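Visitor: I should like a close look at a single part of this model, followed outward into its surroundings. Please take one residue as the starting point and then relate the rest to it.

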Amino acid sequence: MIETLQFWAVVALLGLGVFFTFVSTVGVLRLPDIYARAHTASQTDTLGAGFALAAVAVAFGWQQATVYSVLLLFFVFITNPTAAHAIARSAAETGVEPLLTEDPDDADDDATTAVESEGEIQ
Amino acid sequence: MSTDGHQEGAAVAVERLLVPLSDTVTVRQTVGYAVQTGLEDADSLECHLVVAMPYDADVPESDRYRDDAENLLSRARSWVEEDAGTADVTIETATIGVDEYLFGPRDYAEIFDAYAADHEIDRVVIDPEYQPGVTAQLLQPLERELERIGLTYEEAPVERPARRGRLVGETEDFDRLFAMFWISYGFYLVLGDPTYWFDLLTGAAVAGIVAVSLAQVTFTVPLDRVQSPIRVVRFAIYVPYLLWEIIKANIAVSAVILRPSMPIDPSLSRVNSRVRSGLPLTALANSITLTPGTLTVRATNQELLVHSLIPDAREDLFDGGLERGIRFVFYGRDAAAIPSPRERDDAEIVGGEEL
């Protein structure tokens with residue numbers, strides 16, 4: 001009984017992890033500029049990795065390796081925003097203009113209207 | 001480089017001296033030596049007393065540093081006056097490096113060199129016990145950096161007391177060593193097996209080495225014996241809240257991305273946060289970035305420049321939930337109850353030119 005429950009919990013968690021990683025991939029492909037893409041890239045690291053590591057923890061049950069997976073998640077949570085911030089900041093430093101809604105209140109289908117130049121990224 | 005002035009030191013009527021000060025046991029003797037030798041060579045002396053601020057001097061906790069620096073400068077000024085007697089001595093005092101990021105001895109050497117060049121300094125007198133800010137045992141000493149950079153200096157011949165090190169610093173140093181030891185020991189045992197004698201023994205040895213070599217670089221502000229552990233506990237309470245926010249934001253962003261019309265609304269906003277810079281601001285900026293939909297592009301002092309993808313995420317940011325969480329972690333429950341950035345007019349949408 002417990003075994004089946006554990007099995008399906010692992011399947012569900014892995015499924016959710018894969019789902020959020022998938023959404024993140026779609027986001028990277030669909031979103032218009034580097035800043036918007038950085039948002040969705042962090043989804044993989046937060047919920048994608050989070051659910052996958054939760055699945056690992058459930059699969060192992062109560063033992064030492066469970067502690068490791070929690071620690072892994074902790075380090076991912078520290079390093080991921082640092083990397084995202086570094087990317088966004090270096091984009092800003094090199095002069096990449098973000099695509100912005102002209103008037104943020106009545107925006108619906110913009111994202112194509114704004115700036116053409118993506119700056120000079122070497 | 002400012003090496004040219006040194007040889008003519010005895011010839012010119014005014015001799016300009018640079019004495020970097022730090023609160024050591026030998027600083028009094030150093031000042032005395034500097035004034036005495038300076039007056040031997042020239043009729044009148046211009047004595048520059050400077051204190052270089054450590055790199056974390058802009059955090060509110062280190063108002064203490066600033067007060068200490070002022071205090072030290074005024075004391076040194078009266079020492080010079082006392083030693084000079086009737087001789088013609090002008091005293092200049094300055095705190096330097098306030099708007100720079102002084103970290104290791106190299107930065108200190110460079111900033112002294114720049115100061116010497118600006119003020120046409122003839123001689124530099126260094127206190128042999130001089131401790132620039134955060135000196136870990138791993139860093140090169142200041143003397144070597146000064147030689148590397150080509151700034152000639154003179155070490156004041158002082159009598160060192162048998163016992164080295166500042167008395168006041170000892171409990172602080174102990175706190176750092178203590179905290180560092182238990183953090184690394186704990187981490188070692190989490191990775192190893194806390195019930196196995198071999199791991200317990202090697203862990204203690206490793207933690208000891210780590211604590212001795214890295215305690216000075218790990219904690220740059222003094223630890224508080226009561227507050228620091230409480231903060232760790234509060235942080236543990238904050239994490240589930242942050243996870244909940246992340247899950248909500250993830251679902252919202254996923255919904256937007258998967259909709260065929262993709263109704264995104266990218267905007268840049270500026271938020272003045274009410275947390276001090278340093279660790280709390282880092283924690284806040286990281287929490288904001290960790291939440292999908294908001295991304296910290298820049299963090300200068302207390303001002304965050306945040307890119308947001310959807311209006312909901314921006315609204316959440318302006319409501320300041322995460323800011324309250326961080327204030328709760330670092331300052332306690334009372335401090336968490338502040339008006340949101342929107343209510344106190346600290347949040348606004350800005351254009352791309354703000355980058």
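Where in chain B is the place of B:E120?

Guide: The model is predicted. B:E120 sits in the loop that joins helix α3 (105-118) to strand β4 (123-126) of chain B. The backbone at this position has a positive phi of about 50°, although the residue is not a glycine. As to its surroundings, B:E120 counts as exposed because its relative accessible area is 53%, and the cut-off for that class is over 50%.

The chain around this loop comprises eleven helices and nine strands. Of its 355 residues, 48% are buried. Its accessible surface comes to about 17500 Å², and carbon and sulfur atoms hold 56% of that surface. Among the contacts in chain B with a separation of 6 or more, 75% join residues 24 or more positions apart.

B:D175 offers a contrast to the exposed loop residue. B:D175 belongs to helix α5 (residues 169-191) of chain B. B:D175 is classed as buried because its relative accessibility is 13%, and the buried class lies under 20%. Leaving aside residues up to four places away in sequence, B:D175 touches B:L223 and B:R225. The unreviewed UniProt entry lists residues 174-191, 197-223 and 235-258 of chain B as "transmembrane region". In the model, residues 174-191 are 100% helix and 0% strand, with end C-alpha atoms 26 Å apart. Residues 235-258 are likewise 100% helix and 0% strand, and their end C-alpha atoms lie 34 Å apart.

From here the description passes to the partner chain. Chain B contributes 45 residues to its contact with chain A, and chain A contributes 44 residues. Between them the two chains bury about 3500 Å², 67% of it on carbon and sulfur atoms. On the chain B side, B:I257, B:L290 and B:L295 supply 15% of the area buried against chain A, more than any other three residues.

B:L290 also leads to a residue on the other side. A:F77 touches B:L243, B:I246 and B:L290, together with A:D45 and A:T46 of its own chain, when residues up to four places away in sequence are not counted. A:F77 lies in helix α3 (residues 64-93) of chain A, and A:F77 counts as buried because its relative accessibility is 14%. Along the chain, A:F77 and A:D45 are 32 residues apart, yet their C-alpha atoms are separated by 7.5 Å.

The helix that carries A:F77 has 30 residues and reaches 44 Å from first C-alpha to last, close to the 44 Å expected at 1.5 Å a residue. Its buried residues include A:F77, A:N80, A:P81, A:A84, A:A88, A:A91 and A:A92. An α-helix has 3.6 residues a turn, so residues three or four places apart point the same way. After α3(A) comes A:G95, whose phi is positive, near 85°.

The preceding helix of chain A, α2 (residues 34-60), has 27 residues and should span 39 Å at 1.5 Å a residue; its end C-alpha atoms are 38 Å apart, which agrees with that expectation. The helix nevertheless bends by about 30° at A:A49. Just after α2(A), A:G61 adopts a positive phi of about 75°. For chain A, UniProt's unreviewed entry gives residues 7-29 and 49-78 as "transmembrane region". The span 49-78 is 90% helix and 0% strand, and its end C-alpha atoms lie 13 Å apart. The span 7-29 is 100% helix and 0% strand, with 33 Å between its end C-alpha atoms.

A last residue links the start of chain A to the region of the bend. A:L16 is found in helix α1 (residues 2-30) of chain A. Its C-alpha atom is separated by 9.5 Å from that of A:G50, 34 residues apart along the chain. A:L16 is partly exposed because its relative accessible area is 36%, whereas B:E120, the starting point, is exposed at 53%.

Conventions:
Residues numbered from 1 in each chain as written. Chains lettered and ligands numbered in written order. Predicted model: local features only at pLDDT ≥ 70, side-chain atom pairs only at ≥ 80, totals over all residues. Heavy atoms only, no water. Helix = DSSP H or I, 4+ residues; strand = E, 2+ residues; numbered from the N terminus. Buried < 20%, exposed > 50% of the residue type's maximum accessible area, 1.4 Å probe, protein only. Contact = heavy atoms within 4.5 Å. Areas by Shrake-Rupley, 256 points an atom, 1.4 Å probe, with all protein chains shown as cover. UniProt positions renumbered as here; feature names shortened; annotations may be inferred. Expected span 1.5 Å × (residues − 1). Bend = angle between axes of the 7 residues up to and from the residue. Buried area = accessible area lost by both parts, 1.4 Å probe.
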